[in-house]
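Notebook open, model on screen. I'm jotting down what I look up as I go, loops and sheets alike.

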Amino acid sequence: MRKEAALFLSMALTVGMMSGCAGNGTAGTSGGSTVAQQMEEETAQSSNTSFDGTVVLGATAPLTGPNQLTGGYYVNGMNQAVNEINAAGGILGKELVLDVQDEGTDQSIAINATIKLIESGVPAIIGSYFSTNCMAVLPEIEKNRVPYFANGSNPDISASKNPYVWQIRVTDDFTGPIMADVALNELNMKNPAVLYTTASSTTIQKDNFVKAMEEKGNPVSENNIYGAPENESNFSSIINQILGSGVDGLVVMGVSEAWDVALAQQLQSAGCDIPLMGSSSFASAPFIEVAKDAANGWYTVADWSPNILGQDLDVPERAVTFEEDYEKLYDAKSAMQSAWGYDCVYLFKEACERAGTTEDREKINEAMGSTDLQGANNYYRIYEDSYHVMSTYIMLCETTGGEAVPVRIVNFR
């Protein structure tokens, strides 16, 4: 119930801010103030700050449809950062406001949401955490020259070499080899099966995993590689083949919590007792919450885990502070989407301050090239081994007792 309340708060705040960024700039409903207004009043009272105007940061998130749960987490993280920044004086003396547009579940909706933000004049956009949506809007981003924070993990996003796109997450060409190293050296998988969604990003992740296994002297047999579409819900045939093949582990590249939950629950029902390793989505709070006991026992190579608190783990203080404050604010643990959204807001703030402007898109974009920031989710800077991929490390987790517990930080740069 606490999580549901937190996400309701997020959605109410999002709608309030969206209304506040349109028309006459006010947000409200008849019969009382919105959650957004209440939080703005509390922020103003606590900071005693007199702002010199506003800066409106654009964002897209799935506020409706099957992904709205994770979309709520995403916006929660953004709002947390906005509140902190405004309490500390805003950006260059201006109050920071979010304009979050619904990207729904369709690429055309994501494109329209992005165009709406561009036309409204926002200086930058926090984009989708779905690679397909990021790829769909790239032409509009380049044509209109607006800085765009892409949270999809497909390396094709950075490979497009769009000068206005900054990829925040660890990309799938990095995570594939990391998963191979964990499978071999920590889970002792010498002959694993591989199951992946046939989406482009997870296909790339699978290809890089298989390539890395071969380079390490443990090639994966073609007979042990299985693909399933993103809308698959019945895995019984694939599971029977895997469990009857004599493999010593299963590595899964999933893309959505619904797909992951169906697979995990059916593996549990089939009595699967081989080691299991999944991609980042298998460590997400929505997956664990819905999959219940079927989530236990999974190892994951994940962008983020909220369970860093109380662990004997060398993590940045910024990450610890973020999680502590998130739990106080929303009375619930964060999700990886929360950390992504939070960091994107701070990346925007830092770029504006280096550029000396909250309005000039070109100067803000140029300033992004000098990024050197420790965020909650990652340490961000520009590296020469990729184009605008800014992350440095990832986290190995084991889900036990209904929590994705961090095992160690995996640095790949």
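**Odd backbone spots**

I started with Asp331, which comes out as partly exposed at 39% relative accessibility. This is a predicted model, so everything below is read from a prediction. Asp331 sits in the loop between α12 (317-330) and α13. I looked there since its phi is near 55°, a positive value in a residue other than glycine.

Lys161 was next on my list: its phi is positive too, about 55°, and it is not a glycine. I found Lys161 in the loop between α6 (156-159) and β5. Is Lys161 buried or exposed? The cut-off for exposed is over 50% relative accessible area, and Lys161 has 55%, so it counts as exposed.

**A buried loop serine**

Then I went to Ser280, in the loop between β9 and α11 (285-291). Although it is a loop residue, Ser280 is buried, with a relative accessible area of 9%. What does Ser280 touch, leaving aside its neighbours within four places in sequence? I noted Val301, Ala302, Asp303 and Met336 as its contacts. Two of those names took me over to β10, which spans residues 298-302.

**The sheet of 7 strands**

β10 runs parallel to β9 (residues 276-278), and 3 bridges join the two. I picked out one pair: Leu276 has Trp298 in β10 as its bridge partner.

Both strands belong to an open sheet of 7 strands, whose order I wrote down as β7-β6-β8-β9-β10-β13-β14, with mixed pairing. Which strands are at the edges? They are β7 and β14 (403-411), each pairing on one side only. On average, neighbouring strands in this sheet are turned by 20° against each other, direction ignored.

At the β7 end I checked the pairing with β6. β6 (residues 193-197) and β7 (residues 225-228) are parallel and share 4 bridges. Leu195 faces Tyr226 of β7 across that pair. To get from β6 to β7 the chain goes through helix α8 (residues 200-215), and I logged this β-α-β crossover as right-handed.

**Helix α9 on that sheet**

α9 lies across β6, β7 and β8, and it runs at about 170° to β7. Which residues of α9 (residues 236-243) are buried? I got Ile238, Ile239 and Ile242. Looking down the axis of α9, I see these buried residues within an arc of 100°, so they line one face of the helix. The spacing rule I keep in mind here: an α-helix has 3.6 residues a turn, so residues three or four places apart point the same way. The buried residues of α9 pack against β6, β7, β8 (250-253) and also α10 (257-269).

**The sheet of 5 strands**

A second look-up gave an open sheet of 5 strands in the order β2-β1-β3-β4-β5, with parallel pairing. Its edges are β2 (95-102) and β5; each has a single partner strand, so one side of each has no neighbour in the sheet. α4 packs on this sheet, where it touches β1 (54-61), β2 and β3, and its direction makes about 150° with that of β2.

Inside the sheet, β3 (residues 125-126) pairs with β4 in the parallel sense over 2 bridges. There Ile126 has Phe149 in β4 as its bridge partner.

**Helix α14**

Last helix of the day was α14 (residues 361-368). Its buried residues are Arg361, Ile364, Asn365, Ala367 and Met368. How wide an arc do they cover around the axis? It is only 160°, which puts them on the same side of α14. I noted that Arg361 and Asn365 are in that buried set along with Ile364, Ala367 and Met368. Among the elements covering the buried residues are α4 (107-120), α5 (131-144), β4 (148-150), β5 (165-167) and α13 (336-355).

**Whole chain**

To finish, I pulled the totals. The chain has 14 helices and 14 strands. Of its 413 residues, 57% are buried. Taking contacts between residues at least 6 apart in sequence, 68% join residues at least 24 apart. The accessible surface is about 16200 Å², and carbon and sulfur atoms account for 46% of it.

Technical notes
Residues are numbered from 1 along each chain as its sequence is written. This is a predicted model: local features need pLDDT of at least 70, side-chain atom pairs count only at pLDDT 80 or more; totals for chains, interfaces and linings use all residues. Side-chain values use heavy atoms; hydrogens and water are left out. Two strands pair if DSSP finds at least two bridges between them. A crossover is right-handed if, with the strands pointing away from the viewer, the path from the first strand over the helix to the second runs clockwise. Buried means under 20% relative accessible area, exposed over 50%, partly exposed in between (1.4 Å probe, protein chains only). The arc is that of the directions from the helix axis to the C-beta atoms. Contact means heavy atoms within 4.5 Å. Axes are lines fitted to C-alpha atoms, for helices over the stretch in contact, and angles run from 0 to 180 degrees between N-to-C directions. Accessible areas come from the Shrake-Rupley method with a 1.4 Å probe; for residues, only the protein chains shown count as cover.
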